[in-house]
Amino acid sequence: MSWREEIREIVKGEVKFDEPMSRHTSFNIGGPADCLVIPQDIEDLKGIILFSKKRRLPLKVMGQGTNLLVRDRGIRGIVVRLGKGFEGVKFFENDLLAGAAVRLSVLIKMAASKGLGGLEFTVGIPGSLGGAIATNAGTEAFSVSQRLESIRVMTGEGKVKDLKANHLNFGYRRCHLEENSIILNAKLRLERMKEDEILKRMNAFLDRRERTQPLGTANAGCIFKNPDPKTPAGSLIQETGFKGKRIGGASVSKVHANFILNLGRARAEDVLTLMKIIKEEVKGKTGIDLEPEIETWGED
Ligand SMILES: Cc1cc2nc3c(=O)[nH]c(=O)nc-3n(C[C@H](O)[C@H](O)[C@H](O)COP(=O)(O)OP(=O)(O)OC[C@H]3O[C@@H](n4cnc5c(N)ncnc54)[C@H](O)[C@@H]3O)c2cc1C
């Protein structure tokens with residue numbers, strides 16, 4: 001039996017072959033994944049992990065695809081996207097336990113309605129809780145790890161493990177997860193607050209975002225990391241005069257120079273070429289090596 005036939009037999013959730021990743025990324029860019037799987041539950045996920053090991057197929061996990069650039073030739077092997085089976089949320093006095101697939105935007109509002117605040121700074125960060133932990137998402141002042149108590153993961157061997165936040169070696173947009181570990185859920189420590197107060201704080205964060213970031217055109221957020229808190233990558237790129245610079249269907253945003261927009265038909269190649277030119281120009285002018293914040297996946 002071919003691996004494609006076999007995987008269809010073992011997975012209870014959805015299985016899609018040669019699935020265009022442009023349908024699963026906020027950039028709306030990306031060639032086909034050999035196989036995209038949306039497991040129904042933890043058992044299903046375990047089956048997929050063990051299958052990929054047995055068949056020696058590479059496996060990647062994604063959340064909402066808001067920090068990803070997938071190359072035009074697509075991804076070989078299996079991409080796991082966590083879905084409904086991993087979206088449950090439970091509330092306690094000052095904590096919550098949430099599935100990795102829940103969207104941050106949903107979680108923040110659910111917490112506010114229970115009088116639990118402390119996640120407002122994430123308002124406007126798209127993506128799932130699992131993705132936010134894996135990338136330690138946040139703003140200049142706060143990051144998700146500061147609210148994290150522990151996570152539950154499934155290892156590359158299909159074993160479930162609980163890990164304390166302080167064992168994850170978090171840094172700026174970085175989390176140290178054992179290779180091939182998949183976050184299943186997370187416990188967050190929040191603060192009791194009045195719902196009105198939480199909503200007010202959310203609106204303030206949202207206002208700022210709406211003033212400073214492009215809205216309405218497909219993108220993947222900031223392309224490069226800030227070299228340090230006082231030197232935003234956006235300012236360095238702006239100084240090169242690249243705001244509005246276009247290659248194929250991709251363009252540097254005129255609102256925020258660290259955003260690249262897909263004007264409609266951008267290819268990953270267009271974005272990668274823009275990134276290369278920006279990096280070279282910034283390096284030439286300032287000596288600073290910009291590092292990508294987005295992850296590039298797929299075949300060269
Ligand atoms: C308009 C816009 C604004 C943004 N603003 C911000 C911002 O202010 N701050 C910020 O930090 N980011 C920002 N981002 C980037 C992005 O939203 C975050 O990095 C987000 O947390 C990624 O979540 P995701 O579910 O989309 O993850 P994905 O993009 O799907 O994946 C990102 C990484 O997380 C890993 N991952 C995902 N789920 C799991 C899991 N369950 N277990 C293990 N690993 C997992 C993936 O393997 C991958 O390595 C922005 C993006 C956009 C489009």
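**Notes on a three-domain predicted model**

1. **A residue to start from.** Met62 sits in strand 3. The model is a predicted one. Is Met62 buried or exposed? Met62 counts as buried because it has 26 C-beta neighbours inside 10 Å, and 20 or more is enough for that label. Set aside its neighbours within four places in sequence, and Met62 is in contact with His24, Leu68, Val79 and Arg81. Now look further along the chain. Met62 and Gly131 are 69 residues apart in sequence, yet 7.2 Å separates their C-alpha atoms.

2. **The domains.** The domain assignment splits the protein chain into domain 1 (3-81), domain 2 (86-211) and domain 3 (215-295). Take the centres of domain 1 and domain 2 over C-alpha atoms. They are 24 Å apart.

3. **Where domain 1 meets domain 2.** Twelve residues of domain 1 are in contact with 14 residues of domain 2. Which elements of domain 1 each supply at least two residues to this side? They are helix 2 (42-54) and strand 3 (59-62). Helix 2 gives the most, with five residues. By class, the side of domain 1 that touches domain 2 has six nonpolar, five polar and one charged residues.

4. **Around the ligand.** The ligand has 31 residues around it. Which of them come nearest? Gly63, Gly127, Gly130, Gly131 and Gly221 do. Strand 3, helix 4 (129-134) and strand 11 (182-189) are the elements that give two or more residues to this shell. Helix 4 gives the most, with four residues. Sorted by class, the shell holds 13 nonpolar, 15 polar and three charged residues. Note two names met earlier. Strand 3 is the home of Met62, and Gly131 is the residue whose C-alpha atom lies 7.2 Å from that of Met62.

5. **The nonpolar core.** The largest nonpolar core has 82 residues. Which members touch the most other members? They are Leu69, Leu129, Ile133, Ile183, Ala186 and Val271. Helix 7 (residues 268-286) brings the largest share of this core, six residues. In general, nonpolar side chains tend to be buried together in soluble globular proteins.

6. **One core member up close.** Pick Ile133 and leave out residues up to four places away in sequence. What does Ile133 touch? The list is Val144, Leu148, Ile151, Cys175, Ile183 and Ala186. Two of these names, Ile183 and Ala186, stand beside Ile133 among the core members that touch the most others.

7. **Strand 9 and its partners.** Strand 9 (148-154) pairs with strand 11 in the antiparallel sense, over six bridges. Here Ser150 stands opposite Lys187 of strand 11. Strand 9 also pairs with strand 10 (residues 160-164), again antiparallel, over five bridges. Ile151 has Leu163 of strand 10 as its bridge partner. Ile151 is also one of the contacts of Ile133. Strand 9 and strand 10 form a hairpin with five residues between the strands. In that hairpin, Gly158 takes a positive phi near 85°.

8. **Strand 7 and its partners.** Strand 6 (residues 89-91) and strand 7 (residues 95-99) run antiparallel and are joined by three bridges. The two strands form a hairpin with three residues between them. Phe91 has Leu96 of strand 7 as its bridge partner. Strand 7 also pairs with strand 11, antiparallel, over five bridges. There Leu96 stands opposite Leu188 of strand 11. Strand 11 therefore has both strand 9 and strand 7 as antiparallel partners. In a regular strand, the side chains alternate between the two faces of the sheet.

9. **Two backbone angles to check.** Most residues other than glycine have a negative phi. Asn28 has a positive phi, near 55°. Where is Asn28? Asn28 lies in the loop between strand 1 (14-20) and strand 2 (32-38). Asn28 counts as partly exposed because it has 19 C-beta neighbours inside 10 Å. Asn136 has a positive phi too, near 45°. Asn136 is found in the loop between helix 4 and strand 9. Asn136 is partly exposed, with 19 other C-beta atoms within 10 Å. Why is neither residue called buried? The label needs 20 or more other C-beta atoms within 10 Å, so a count of 19 falls short.

How values were computed. Residues numbered from 1 in each chain as written. Predicted model: local features only at pLDDT ≥ 70, side-chain atom pairs only at ≥ 80, totals over all residues. Domains from an automatic or database assignment. Contact = placed C-beta atoms within 7 Å. Nonpolar A, V, L, I, M, F, W, Y, C, P; charged D, E, K, R; others polar. Near = placed C-beta within 6 Å. Core = buried A, V, L, I, M, F, W, Y, C linked by C-beta atoms within 7 Å. Buried ≥ 20, exposed ≤ 12 C-beta atoms within 10 Å, placed from the backbone.
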